[in-house]
Amino acid sequence: MTQDIAPIKQAYYAGLAAKADGPVKQALNIQKWTPVDSAGMGDLFWYWNNAAIFNTDTWNQFNNVMQFNADGYLQTTDGAALNTALFNLYLAMSYKLTDADQSALNAANLKAQGILNTVVGDYTSMFGAIPPANSATPTAKLIYVTSQIMSWGESTLSLATFRASTNPTSLIPNAPMGSGKLISDFMTYLSETSSAETVQNAINSQNAQVKQCALNLSPTPAQVKPSWMSAADVNGTASILPTLKIVEPTSTIQNALGGTQGFEIAMVVTKVDQKTVSVSVNGNAGVSGSIGWFGLSVGGSTSYNSFSFDQEVTQVTLKLKYNGVTKFTPSLSGSAYNVGDGTGWWNPKLINDAANHTPGKSGMGFTTLQHYNFKENGDLGVLNVLAICDMPTIEMVFHNATESSFSSHFSEETHWGVNFLGIPLGGGSQSYSSSKYKYDSTAGTVTVTMTPPPSVIPGNLMTSQAYVIGADCAWPGAK
């Protein structure tokens, strides 16, 4: 069905961009935004903070990689989780050397070959063989051993600090028992290779930073610690997630969703045949697509399209009214990697450096080919700010309608599920209610107004949802 409704999606999001542009720019205070097809993430659980516990459902919606669709809107990238994607990118990075820097390091290691072999021997006798991926050359083995020794200290310990210390063993309090000879021989190795000190320090510093960024995403610790936060879902199930802050307090979002700032979109839907409709958005030329692009359901079992109620109806006008336009801002800076204390998982510079590595310059690069299009408006987007609003009110005007065909469905207020462009609005299951229908015998029309669920769900704030209008994304790999 996705492909069948693609032309209608394109027309709708183009119309949304035009009608929402003023209110969204005012709400976001930015000039650049793109409509979002939230079929992959759903309507936003905006009540993100409950007694200092993060809403797991809110995190799950943020935790998406976004891509730009050539039809002009953002969508999720193949259901990829952002934390998994970033973790894998960090693991695929390494500090790459120019030929000159590599030669300088190799030359220093060659002069100190004796002590280098001793250090490697010390290490393997205690911990076993060095992994094959780190054993291609003597230099590679020493880079690996260096990183292991540094890991016995604080996450912020650098090789430069270690080698300059008058008491380096005090900086690695987690050194295993019996490792004294290894540490002593390692200090001798550093002394004998001081000519390559700058290169060694750079390798260790950059690779350690990548490793720490990955560790701040996985594995999940048993207890909350820096870089992590407490979370719970609507059922109270607790979890620990990578830290994320939202700029706006929930009270600010709640008040804004109740506001009047908004816009309206008009869609004229004409039946072509039993499977196809033509849809005109805001008076523009019609586009053809599946009749199932808009659907209603009741009781969780019976489903209808726009023309199911009356076979004589061949045209329906939809008016969607959006109010309470406001913003929802994930604070990426609040999750940024801090080189001073080793906390944070958001490090766009590392990703950018690796994605745009210059072969003639030492720096971060990927060790394996990555499938992402790292460009702006590519497929590695991170939600930076979202434009949201109350769920839309939907007015349906059925033309050439017979009153009796609608009375049994809409004579009393009924709860309905609304599926719009593949998005179950408000959670889908009977979240909308219909007012009594209005029949105009002169015009031959039946008008039904679908009222959205409240922006604040009484008794369970964590299930409160908002419609996602659009977003601005960060593209960490873009030049």
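A: Two strands pair if DSSP finds at least two bridges between them. Helices (H or I, at least four residues) and strands (E, at least two) are DSSP runs, numbered from the N terminus. Here, Ser230 has Ile240 in β9 as its bridge partner. This is a predicted model, in which local features need pLDDT of at least 70, side-chain atom pairs count only at pLDDT 80 or more, and totals for chains, interfaces and linings use all residues. Residues are numbered from 1 along each chain as its sequence is written, and side-chain values use heavy atoms, with hydrogens and water left out.

Q: In which sense do β8 and β9 pair, and over how many bridges?

A: Strand β8, which covers residues 228-232, runs antiparallel to β9, and five bridges link the two.

Q: What is the order of the strands in the open sheet, and what is the pairing?

A: The order is β3-β4-β8-β9, so written for a sheet of four strands, and the pairing is mixed. At its edges lie β3 (49-50) and β9 (238-242), each of which pairs on one side only.

Q: Let us move on to β21. How does β21 pair with β16?

A: The two are antiparallel, with six bridges between β16 (residues 315-323) and β21 (residues 393-399). To find this pairing on your screen, pick Lys321, which stands opposite Thr393 in β21.

Q: And how does β21 pair with β26?

A: Again in the antiparallel sense: six bridges connect β21 with strand β26, residues 445-451. A handy pair to look for here is Met396, opposite Val448 in β26.

Q: Which residues of helix α11 are buried?

A: An α-helix has 3.6 residues a turn, so residues three or four places apart point the same way. In α11 (residues 348-355), the buried residues are Leu350, Ile351 and Ala354. They cover an arc of only 95° around the axis (taken from the directions from the helix axis to the C-beta atoms), which puts them on the same side of α11.

Q: What do the buried residues of α11 pack against?

A: They pack against two helices and two strands that you can pick out by name: α3, β7, α9 and β19, the last of these at 363-366.

Q: Is Thr166 buried or exposed?

A: Buried means under 20% relative accessible area, exposed over 50%, and partly exposed in between (1.4 Å probe, protein chains only). Thr166 has a relative accessibility of 84%, so Thr166 counts as exposed. You will find Thr166 in the loop that runs between α7 (159-164) and α8 (180-192).

Q: How many ångströms separate the C-alpha atoms of Thr166 and Asn49?

A: The separation is 47 Å, for two residues that are 117 places apart along the chain. Asn49 may ring a bell, as the edge strand β3 is 49-50.

Q: What about Ser38: buried or exposed?

A: Ser38 is buried, with a relative accessible area of 1%. Like Thr166, which sits between α7 and α8, Ser38 is found in a loop, in this case between β1 (34-35) and β2 (44-45).

Q: Which residues does Ser38 touch?

A: Contact means heavy atoms within 4.5 Å. Leaving aside residues up to four places away in sequence, Ser38 touches Tyr13, Asp43, Ile423 and Val468.
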